[in-house]
Amino acid sequence: MAVEKMSLAKALNESLRKALDTDPKVLIMGEDVGKLGGVFRITDGLQKDFGEERVIDTPLAESGIVGTAIGLALRGYRPVVEIQFDGFVFPAYDQIVTQLAKMHARALGKIKLPVVVRIPYGGGIGAVEHHSESPEALFAHVAGLKVVSPSNASDGYWMLQQAIQSDDPVIFFEPKRRYWDKGEVDIESIPDPLHAARVARTGTDLTLAAYGPMVKVCLEAAAAAQEEGKSVEVLDLRSMSPIDFDAVQRSVEKTRRLVVVHEAPVFYGSGAEIAARITERCFYHLEAPVLRVGGFHAPYPPARLEEEYLPGLDRVLDAVDRSLAY
Amino acid sequence: MTVESTAARKPRRSSKRVSAAKKPASSEPQLVQLLTPEGERVEHPDYDIDLSPEELRGLYRDMVLTRRFDAEATALQRQGELGLWASLLGQEAAQIGSGRALRDDDYVFPTYREHGVAWCRGVDPTNLLGMFRGVNHGGWDPNSNNFHLYTIVIGSQTLHATGYAMGVAKDGADSAVIAYFGDGASSQGDVAESFTFSAVYNAPVVFFCQNNQWAISEPTERQTRVPLYQRAQGFGFPGVRVDGNDVLACLAVTRSALERARRGEGPTLVEAFTYRMGAHTTSDDPTKYRHDDERQAWEAKDPILRLRTYLENQGLADEAFFTELDKESDVLAKRVREAVRAMPDPDHMAIFDNVYADGHALVDEERAQFAAYQASFADASEEGK
Ligand SMILES: Cc1ncc(C[n+]2csc(CCOP(=O)(O)OP(=O)(O)O)c2C)c(N)n1
């Protein structure tokens, strides 16, 4: 076994290194990804080792980054592009939604678009405007895209390589406030499939479903609930499109209660989708309505207020209590 | 550098006399021309071209057949066989000239009006009609003729072309890539970004802008204050304006730009100065925004007529050639008409086809639900018997 302890950031870096090493068609593109190694250093050292032809500093033009990545993919390359921060993906949103997502279908399946768009997302790092958002639902809503988010180093390592190997476009959301959290990575293990949810903690009284940055919060909430004698199961969804509803259903049939937690605004968010589907699938098993904990229908607030905005331990535990009270 | 007369031209709607008073395109200083509207062969110091009589007849044939195909598609739209059609009438020289400059291994990124270029690539013209009939959103394999799908979102494809060209350069291949777009599209950010990317990466791409003077109802003056070809200068690569109704000049200029790309010297912007003779699409009514005298002025510059005059005056084509071509046009039109009418509606389940290359659980689930729903009608009608 080759188990190493490393941060999520390091795991992503190792993952990219492995992908560049294994497949000469893999390219890294983005703003500052070369010499600087990216503003979060996820691509640190890669240009030094693989050269400017493989790790490409681009002009500051997000539509251009994704649009040219599409062209490179059409030529047989597998571009992995970095969008510097969540709030800056929107100039590229047109290319992602109108072009990247649909081209495979429009060509009757004759061409493939293996493009990965990496987006550091979410709050909790005290950043300025446009550096803390969670736009995942905007992408998950679009057919033709796959949307995933690792919550820990091991998933960071494996899921990124799986995303790069996928012949579909994958929007890869990286929880930026977890970049420095360390975890064990077994670089020889056989990983879970990219879109399978994982039971992060078993429990019998209630299920907390989360992904990305909120998995850790939910694990802490489950530990706190345990002290009060409540057994809470935590599901790490890992993939927002597709969603592993079978795994959620299995858990809810056991616990009979579900709370979905994410940073993104609750309104029209992934929690709404999960609540609706699980209500349909588990109507006779549920003891309580599916509850949601997430952001408000308001712009992401200035950093001094983000602790109020982000779902923390207390808001999650409050939802657990409300569910159990039914 | 002097800003030529087009930049100073006033918006047409402000004065009825403007278009009549306008200098003809052929007299504009920067316009590359090899065949005048009167069908006279002229020389240009930078763009010499020597074509055999057979090649000249070939270009004429391409333009005539493309125009006939286009007219047939317009008629099919009127007959309710197509939901929409974007006619290329008037732009045959720009498309056939540039299209015939391409090599098989070059790659084309068109917008939605490049029927003549598709013709040059050997794409079966009936394939172009599927999306206008509403049976698909593309309908051909882009790799079988190196002709990408039509792109509706204007300007998007210029970035795909640039990325593809970056890949060509990485592969060490000497193919070139060509991106088509309109004068309206030139205002889109993606086009500017593709200029930036192609310049800084020295990508082997030719930007072929068909300035047909109008973006639906908006004149070129609403897109730019300088002649479009001059834009390239600010990005660090050459721009050239060619008489877009002169098939020889379009061929020569595009060929030269492609060769430049192949030599590793990077992008070129070609502005083909032409005119859209018809409506923007079959849904458009150009009488609301442009005067008929403008169209008449451009009719005198018709790309097909001038080549015919040249062929006839030089004795390069006889009556039999023209008669034969008429017959060939009729056959093509008939084939297209029959093919469109025979085009089946897609199977209901096609909604779920090719959404993903690797599959997706939600698509599988919805496909199964929809299939069961559809089957319930069949069951119900069985029971009714
Ligand atoms: C991004 C975008 N905005 C608007 C439209 C609607 N539209 C379709 S064609 C067109 C005009 C394009 O003009 P131009 O680029 O000059 O090309 P032409 O049609 O004249 O060949 C417009 C506004 C579109 N397709 N895409």
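At what angle do the axes of helix 3 of chain A and helix 8 of chain B cross? Keep that question in mind as you look around this predicted model.

**Stop 1: the two chains together**

Color the structure by chain and select the interface. Here 44 residues of chain B touch 46 residues of chain A. About 3500 Å² of area is buried between the two chains, and carbon and sulfur atoms give 56% of that. If you like to look at charged pairs, there are six salt bridges across this interface, while the structure as a whole holds 49 over all chains.

**Stop 2: helix 3 of chain A against helix 8 of chain B**

Now select residues 62–74 of chain A and residues 156–171 of chain B. Their axes come within 6 Å and cross at roughly 55°, which makes helix 3 of chain A oblique to helix 8 of chain B. The crossing is right-handed.

Show the side chains next. On the chain A helix, the contact is made by Ser63(A), Gly64(A), Gly67(A), Thr68(A), Ile70(A), Gly71(A), Leu72(A) and Leu74(A). Facing them from chain B are Leu159(B), His160(B), Thr162(B), Gly163(B), Tyr164(B), Met166(B), Gly167(B) and Lys170(B). Color these residues by type and you will find six nonpolar, nine polar and one charged.

**Stop 3: a salt bridge between the chains**

Select Arg75(A) and Asp171(B). Their side chains form a salt bridge, with an N to O distance of 2.7 Å.

**Stop 4: helix 8 of chain B and its partner in chain B**

Keep helix 8 of chain B selected and add helix 9, residues 189–200 of chain B. How do these two helices lie relative to each other, roughly parallel or roughly antiparallel? They pack at an angle of about 15°, with axes 7 Å apart, and are therefore roughly parallel. This crossing is left-handed.

From helix 8 of chain B, the residues to display are Ser156(B), Thr158(B), Leu159(B), Thr162(B) and Met166(B). They meet Asp190(B), Val191(B), Glu193(B), Ser194(B), Phe197(B) and Ser198(B) of helix 9. This contact divides into four nonpolar, five polar and two charged residues. Look again at Leu159(B), Thr162(B) and Met166(B): these residues take part in the contact with helix 3 of chain A and also in the contact with helix 9 of chain B.

**Stop 5: another charged pair**

Finally, select Glu365(B) and Arg281(A). They form a salt bridge whose closest N and O atoms are 3.3 Å apart. Glu365(B) sits in helix 15 (residues 361–384) of chain B and Arg281(A) in helix 10 (residues 270–281) of chain A, so this pair joins two chains.

Methods
Residues numbered from 1 in each chain as written. Chains lettered and ligands numbered in written order. Predicted model: local features only at pLDDT ≥ 70, side-chain atom pairs only at ≥ 80, totals over all residues. Heavy atoms only, no water. Axes fitted to C-alpha atoms, helices over the stretch in contact; angles between N-to-C directions. Helix = DSSP H or I, 4+ residues; strand = E, 2+ residues; numbered from the N terminus. Parallel < 35°, antiparallel > 145°, perpendicular 65-115°, else oblique. Left-handed = near helix turned anticlockwise from the far one by under 90°. Contact = heavy atoms within 4.5 Å. Nonpolar A, V, L, I, M, F, W, Y, C, P; charged D, E, K, R; others polar. Buried area = accessible area lost by both parts, 1.4 Å probe. Salt bridge = Lys/Arg side-chain N within 4 Å of Asp/Glu carboxyl O.
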